[in-house]
Amino acid sequence: MKKIAIMLLGASIAALAGKTEETVVQYLEDGQFSLAQAEVKKISPKGDELIRMEGFLYHGAGMADSALVYLRQAYETTPKDPRVSLRLAEVLVWKKDFAHARTIVDAVSVKDVQKDARPWEPGTRRANIYLYLQELQKAQDAFQSVAADPTTPENWGLAVRVYRSQIAAWQKDFPRSILLADSVLRNAPGQVQASLIKGEVLEWQGKYAEARNTYTSALQKHPDDWQLRQRLEKLSWVK
């Protein structure tokens, strides 16, 4: 009986740690660092779990050196876990260690990402790492995988379309860039980044009046945005 009780206790602790990690990850993705930190303190993790949690917290706080120490240790224990490997790759990008970041992110597949409870988060992180590495097609493909996942929340889906629009613009695929930007603006009229991307593409195409109209419409929703105002001032000559 004692052995069974110990086994059940161990299972309960593991389940609690897993639930805590889900909560911590969600808080960190939402930018609520203090809540994530408080959640970790509730269970006082030990050993590998502590190393993992510390890595997540330091990464969430943007403390690259400390995050690197803990995430490297966690990676040695669980190299196939995209939550660990992608955060480590992202920190390596921050540290400008692009070669090692590329090696790590290339080892993470879409299938690995889809095993996560919130797959749109590691999926978007994976895509952004490729974007940092200027691997535009890989970034576009990774964002497309997030967009195609039916579990991706609407707000994340809109953000992904903004990224895809920007990449298409950099790839000189102007029709696709505008198509993606417009799909965002239909759901979120005046969305700043989509408006800036669309307006810039229209400027590159010499369609200055359309670009001005795009910035003007966005400013009606966001009158204090300096980027929109600056773009509009540059086109003050347009009749």
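**Helix packing and nonpolar cores**

Helix 3 (residues 47-60) packs against helix 4 (residues 64-77) at an angle of about 140 degrees, their axes lying 8 Å apart; axes are lines fitted to C-alpha atoms over the stretch in contact, with angles running from 0 to 180 degrees between N-to-C directions. The model is predicted, with local features needing pLDDT of at least 70 and side-chain atom pairs counting only at pLDDT 80 or more, while totals for chains, interfaces and linings use all residues. Residues are numbered from 1 along each chain, and side-chain values use heavy atoms, without hydrogens or water.

Helix 3 and helix 4 are therefore oblique to each other (under 35 degrees is roughly parallel, over 145 roughly antiparallel, 65 to 115 roughly perpendicular, the rest oblique). Their contact (heavy atoms within 4.5 Å) includes Ile 51, Phe 56 and Tyr 58 of helix 3 and Tyr 70 and Leu 71 of helix 4.

Helix 2 (residues 33-43) also meets helix 3, with axes that come within 10 Å and cross at roughly 170 degrees, which makes helix 2 roughly antiparallel to helix 3. Here Phe 33, Ala 36, Gln 37 and Val 40 of helix 2 touch Met 53, Leu 57 and Gly 60 of helix 3.

Turning to the interior, the largest nonpolar core has 39 residues, of which Phe 56, Val 105 and Ile 129 touch the most other members. Such a core joins buried Ala, Val, Leu, Ile, Met, Phe, Trp, Tyr and Cys residues through side-chain atoms within 4.5 Å, buried meaning under 20% relative accessible area with a 1.4 Å probe, protein chains only. Helix 5 (residues 82-94) contributes the most, with 7 residues; helices are DSSP runs (H or I) of at least four residues, numbered from the N terminus.

Key:
Buried < 20%, exposed > 50% of the residue type's maximum accessible area, 1.4 Å probe, protein only. Helix = DSSP H or I, 4+ residues; strand = E, 2+ residues; numbered from the N terminus.
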